[in-house]
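Work through the exercises below with the sequence and the structure side by side, and try each task before reading its solution.

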Amino acid sequence: MLLLVVLGSCEDRKEHTAPAIRERDSVSMMTSYGVNTLISDSGVIRYKIVTERWDVNTVKQPTRWTFERGIFLEQFDEQFHVEAYINADTAWYYDQLKLWELRGRVHIRNVNGLVFDSEELFWDGIKHEFYSYKFSKVVTPERTMQGTYFRSDEHMAHYEITNSVGSFMAEDIDGSQSSDTAQQQKDSTQVAPPVRQAATRHKATQKSIFTTP
């Protein structure tokens, strides 16, 4: 009996290991909390980011910044004047594509009094434009527009909404509207352009300047 016990104790023990909780590509390279930072583009400060949590992942393709707990953005012009305020429940920034994806209660207000609301918005930093394929609402001091497709320049000075309904000023109806207004009132049968193909990977030009929250 003693011999059997000794022999049994000499056997190799098997380790029971559990699989990894997370896949390797889901691990962020950096996670920051309580962020209040300025972002520069080509040496010029263009944005201010305020968020509760900021994850940077350089393993996932395309590489991205993730803001799962909401984000508030201020957009500046070259003279460091605020051009617009942007906030959303969740956001992703694909740094190699220079593309923002904003989701959930997306709200924009610019210095011209325009207010934009939707559940989705893409911000293309290469083409310098906004677009959305979700129901969107645009309110200006002159009119209110709603539609299922939205596209605009980066400053929201020129925009279009298709499949739209809304209210207009009387002068817009009697034919005295400007060319910009006519461009905004797109026919509902217009076919929305396809989403751009993924851009070729290029060297990122943005730099971060961290400040104390």
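Strands, on which the place of a loop depends, are DSSP runs of E with at least two residues, numbered from the N terminus. The model shown here is a predicted one.

**Exercise 1. Backbone angles in the loops**

Task: Find which residues other than glycine have a positive phi in the loop between β4 and β5 and in the loop between β8 and β9, and state how exposed each of them is.

Solution: Begin with the general expectation, which is that most residues other than glycine have a negative phi. In the loop between β4 (71-76) and β5 (82-88) the residue to look for is Phe80, whose phi is positive, at about 70°, although Phe80 is not a glycine. Partly exposed stands for a relative accessible area between the limits of 20% and 50%, and because Phe80 has 43% relative accessibility, it counts as partly exposed.

The second loop, between β8 (115-124) and β9 (129-132), holds His128, which has a positive phi of about 55° and is not a glycine either. With 42% relative accessibility, His128 counts as partly exposed.

**Exercise 2. A peptide bond to check**

Task: Determine whether the peptide bond from Gln61 to Pro62 is cis or trans, and say where Pro62 is placed.

Solution: Start again from the general rule that most peptide bonds are trans. The omega of the bond from Gln61 to Pro62 is near -5°, and this bond is cis. Pro62 itself has its place in the loop between β2 (44-57) and β3 (64-67).

**Exercise 3. The hairpin of β12 and β13**

Task: Describe how strands β12 and β13 are joined, and then work out which way the side chains of β13 point.

Solution: First take the pairing, in which β12 (residues 149-153) and β13 run antiparallel and are joined by four bridges. One partnership to locate is that of Ser152, whose bridge partner in β13 is Tyr159. Next follow the chain through the five residues between the strands of this hairpin, where Met156 takes a positive phi near 55°. Finally, look along β13 (residues 159-162), from which Tyr159 and Ile161 point one way while Glu160 and Thr162 point the other way, and all of these residues are buried.

**Exercise 4. Salt bridges across the chain**

Task: How many salt bridges does the structure hold, and which parts of the chain do the pairs of Arg69, Asp89 and Arg151 link?

Solution: The structure holds six salt bridges. Take Arg69, which forms a salt bridge with Glu52, the closest N and O atoms being 3.3 Å apart. This pair links distant parts of the chain, since Arg69 lies in the loop between β3 and β4 and Glu52 in strand β2, 17 residues apart. Arg69 is partly exposed, with a relative accessible area of 45%, and Glu52 is partly exposed at 46%.

Turn next to Asp89 and Arg105, whose closest N and O atoms are 2.9 Å apart in their salt bridge. Asp89 lies in the loop between β5 and β6 (90-94) and Arg105 in strand β7 (residues 99-110), so the pair ties together parts that are 16 residues apart in sequence. At 30% relative accessibility Asp89 counts as partly exposed, whereas Arg105, at 60%, counts as exposed.

The side chains of Arg151 and Glu129 also meet in a salt bridge, at 3.1 Å from N to O. Arg151 in strand β12 and Glu129 in strand β9 are 22 residues apart, and their pair links distant parts of the chain. Arg151 is partly exposed at 29%, but Glu129 counts as buried at 12% relative accessibility.

Notes. Residues are numbered from 1 along each chain as its sequence is written. This is a predicted model: local features need pLDDT of at least 70, side-chain atom pairs count only at pLDDT 80 or more; totals for chains, interfaces and linings use all residues. Side-chain values use heavy atoms; hydrogens and water are left out. Buried means under 20% relative accessible area, exposed over 50%, partly exposed in between (1.4 Å probe, protein chains only). Two strands pair if DSSP finds at least two bridges between them. A salt bridge is a side-chain nitrogen of Lys or Arg within 4 Å of a carboxyl oxygen of Asp or Glu.
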